[in-house]
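Open the model in your viewer and keep the sequence panel beside it. The stops below go one selection at a time.

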Amino acid sequence: EKAARIICNVAITNKEVRARVHGAGGLAIAVQLLKSPKPTLRSCACELVNTFSADQEAQVILRDSNAVETLLHLLSTGNDRDLIDRSQGFGIYAADALSKMLSTATDIGYSHRITAVQTGAGQTLSRLLQTCRELLKRPNDMASGAILARHVAASIDSLGREAQSLGAMYLGGSQGNQALGSLVTGLLQVLMVILELSQTSATVFAASEIVKAVGSLCGASLPRAAMDPMMNQQLQHAMSAAAMARQHVAGRQGVEYFMPLLAKPMVSTGGQTGENMRLNALRALLIIVGDEVACGGRSRQVQHLTAMADSGAIEVVAKKLQSVDKGQGLDAFSLMCGADGRAAYGNRHQSTMQQCVRSVAQCLTGQPMNIVAQATSILRDLSSDSGNWAPIKQYALAPLAKLLQMTSHLQNTSCDSTAIVVDAATTIAHMAVLEEHCMIVFQHGGMACLAWLITVQNNQQLQEHMRHAQRESLLIV
């Protein structure tokens, strides 16, 4: 036991020391000692496995020694004291190690996740959430309960992010569906308790991970398309699982629980924890509220969007649009600030919406063509409202005129050239009622491009390069 404690103390210092411990077989021994009947030895073993669990070099040993299966067994059999006692318990170390292993991005990480699903991770993690719920209600155990809940939610997030593991959970038959439903319910129940507590950095961190996990189970990280036919089948199962999760959340008023998380935390959390919580809440809300069926119809969906806007969602969207990840920001804006959203709550949030419109317009320059195409489509809708013309005129009208030059993006496989031209031409048509707008288009070569585009419908060679060479689609030109 003393030797194990010494190794734990030195292994945490740096990666070079861990390499020596690993080379001497220390990690493999630690995984074996996870099954020790001695609590202190078992605790040291968990701590050491946790120290190694984020190292890529250790993943093969962890996989070959069935570390995921062993950790899940420990977590499923431990009592409350085992789970939160740092000196003789193992729960927080084991849950942290599991979350790191499941989040590994390599092929071994995929193996960890599939092993976890096959070992019954859904049932084990849902039971742990119920334990966290009770721990959070006890003042003396509240901080430890929040830390444990954070690690459990991080593991669930990793299983939900990947189509294969989410689909595998769903394919577990009635038991799989029950486990998926229990995970969603457990996450919401823990979040409900956290919202009733005074905010601390630990509860904010836990809330952030919980809402991120719910978003992943609801499909927020699933790819929109998959080229591989085998992947398509796996993705279909994952999509079915996500649709079920969204209905589960909506049916248990989960959307209402996420609204407070859009506001800035009232306590100092350090780093980006507070902002990450707001972004994770927005991510989950967008995928759930974007599902009209899960919401119970269009009217209910608009009610949710209005509540989101009034809770600070548009401010979070504005920050997202200014971040590196423009795609997610544009997705969020198109749902929150579409025609229905502007009609329902546009006047109350006019200043922030105008800031978002400027950010969307600025996406036309210096961005990949798929982002440009997405922004152009959104501007087509925005330009139908003259209240949005000022920022579009300032930041977007000149780039839109240049986008009419179809040959500049026709060969780009990441975008639909015809759609870009139609969207750009439609925006220009909306705004061409003012002479100053026409002059901007004229000065940036828009008229020449429009004249050339008229010939496209009779140019068979050019049409062969167009994905949607429909004569009617270019009538707006």
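Start by selecting T273, which sits in helix α17, residues 273-289; helices (H or I, at least four residues) and strands (E, at least two) are DSSP runs, numbered from the N terminus. T273 is buried at a relative accessible area of 14%, where buried means under 20% relative accessible area, exposed over 50% and partly exposed in between, with a 1.4 Å probe and protein chains only. Beyond residues up to four places away in sequence, T273 touches V204, F205 and S208; contact means heavy atoms within 4.5 Å.

Before moving on, note the conventions. This is a predicted model, in which local features need pLDDT of at least 70 and side-chain atom pairs count only at pLDDT 80 or more, while totals for chains, interfaces and linings use all residues. Residues are numbered from 1 along each chain as its sequence is written, and side-chain values use heavy atoms, with hydrogens and water left out.

Stay on F205, one of the residues that T273 touches, and add R150. The charged end of R150 sits over the ring of F205, 4.2 Å from the ring centre; the criterion is NZ of Lys or CZ of Arg within 6 Å of the ring centre and within 35 degrees of the ring normal.

Now zoom out to the whole chain. The chain has 30 helices and zero strands, and its C-alpha atoms fill a box of roughly 85 × 45 × 45 Å along the principal axes. Of its 477 residues, 52% are buried. Among contacts with a separation of 6 or more, 72% join residues 24 or more positions apart.

Next, select L217, F258, M308, F333 and M336. These residues have the most contacts inside the largest nonpolar core, which has 148 residues; such a core is a set of buried Ala, Val, Leu, Ile, Met, Phe, Trp, Tyr and Cys residues joined through side-chain atoms within 4.5 Å. In soluble globular proteins, nonpolar side chains tend to be buried together. Around L217, leaving aside neighbours within four places in sequence, the contacts include I156, L166, M169, L180 and A241.

Then select helix α8, residues 91-102. Is α8 largely enclosed or not? With 11 of its 12 residues buried, α8 is largely enclosed by the rest of the structure. The buried residues include G91, Y93, D96 and L102. The end C-alpha atoms of α8 are 16 Å apart, in agreement with the 16 Å expected for 12 residues at 1.5 Å a residue; the expected span is 1.5 Å times one less than the number of residues.

Move to T70 in helix α6. T70 counts as buried at 9% relative accessibility, and in contact with it, apart from neighbours within four places in sequence, are L34, K35 and S65. Add T119: the C-alpha atoms of T70 and T119 are separated by 9.7 Å, with their positions 49 residues apart along the chain.

Finish with two backbone stops. Most residues other than glycine have a negative phi. N66, in the loop between α5 (59-64) and α6 (67-77), has a positive phi near 60° and is partly exposed, at 43% relative accessible area. Q253, in the loop between α15 (229-251) and α16 (254-258), has a positive phi of about 55° and is partly exposed at 44% relative accessibility.
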